[in-house]
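The following exercises concern strand pairing, ring contacts and charges. Each task is followed by a worked solution.

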Amino acid sequence: IGGTELRYGRLLLQNAFGPETLPLTIPLQTEYWNNLAFISNAPDVTDPTDVGDSCTPYVFSNLLLGPYQAPLASGDTTASGSGILSAGDGSLLLSAPGAGNDGSVALGYDLPAAGIPWLQFDWDGDGTVDNPGATATFGIFRGNQRMIYMRESIW
């Protein structure tokens, strides 16, 4: 195994937000430690044989939802999506809860149940490995993407 490259990695679950009338995409990404920082497990552009992480499976049933921030409640949104990471990236989908059901839900991804416990990480710095977590927020809009900076003046 002298020529085998081993990487210390983790699965990252990213925060997501949007209107309550549209489904919400929850990005997943694997990262590895390069001796300086955790970086995306995407293909190395200098190595044509490197395809990044293209073998880690994911499935919606391992996504943990809760607790909820009112008025969003349990059952208002459901998870879907599954597959194999492509170039270290994947995504799950939360259904639209519907008009007036804004709020947020804490997310977690149960890596031992998914059969990939080695992608856990000590997210809270307490010395024990944890599942990745994020927050999905319905009912907010991030604003105009073309706006670089806006300041309100009270004169």
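Two strands count as paired if DSSP finds at least two bridges between them. The model examined here is predicted.

**Exercise 1.** Determine in which sense strands S10 and S11 pair, and place them in their sheet.

*Solution.* Strand S10 (residues 103-109) and strand S11 (residues 133-138) are joined over 6 bridges, and their sense is antiparallel. Within this pairing, Leu107 stands opposite Ala134 in S11. The open sheet comprises 4 strands, ordered S2-S11-S10-S6, with mixed pairing. Its edges are strand S2 (16-18) and strand S6 (63-69), each of which pairs on one side only. From one strand to the next, the twist averages 20°.

**Exercise 2.** Classify the ring pairs formed by Phe121 with Phe38 and with Trp123, and state whether Phe121 and Trp123 are buried or partly exposed.

*Solution.* For Phe38 and Phe121, the centres are 5.1 Å apart and the planes meet at 80°, an edge-to-face pair. Phe38 belongs to strand S4 (residues 38-40), whereas Phe121 lies in the loop between helix H1 (111-114) and S11, 83 residues apart. Phe121 and Trp123 are also edge-to-face, at 5.0 Å and 70°. Because its relative accessibility is 17%, Phe121 counts as buried; Trp123, at 33%, is partly exposed.

**Exercise 3.** Identify the contacts of the Arg10 side chain with Glu31, Phe38 and Phe121.

*Solution.* Arg10 and Glu31 form a salt bridge, 2.7 Å from N to O. This pair links strand S1 (residues 9-13) to strand S3 (residues 24-33), and both residues are buried. Arg10 also lies over the face of Phe38, 3.9 Å from the ring centre. Finally, its charged end sits over the ring of Phe121, 4.6 Å from the centre.

How values were computed: Residues numbered from 1 in each chain as written. Heavy atoms only, no water. Salt bridge = Lys/Arg side-chain N within 4 Å of Asp/Glu carboxyl O. Helix = DSSP H or I, 4+ residues; strand = E, 2+ residues; numbered from the N terminus. Buried < 20%, exposed > 50% of the residue type's maximum accessible area, 1.4 Å probe, protein only. Axes fitted to C-alpha atoms, helices over the stretch in contact; angles between N-to-C directions. Phe/Tyr/Trp six-rings, centres within 6.5 Å; stacked < 30°, edge-to-face > 60°. Lys NZ or Arg CZ within 6 Å of the ring centre and 35° of its normal.
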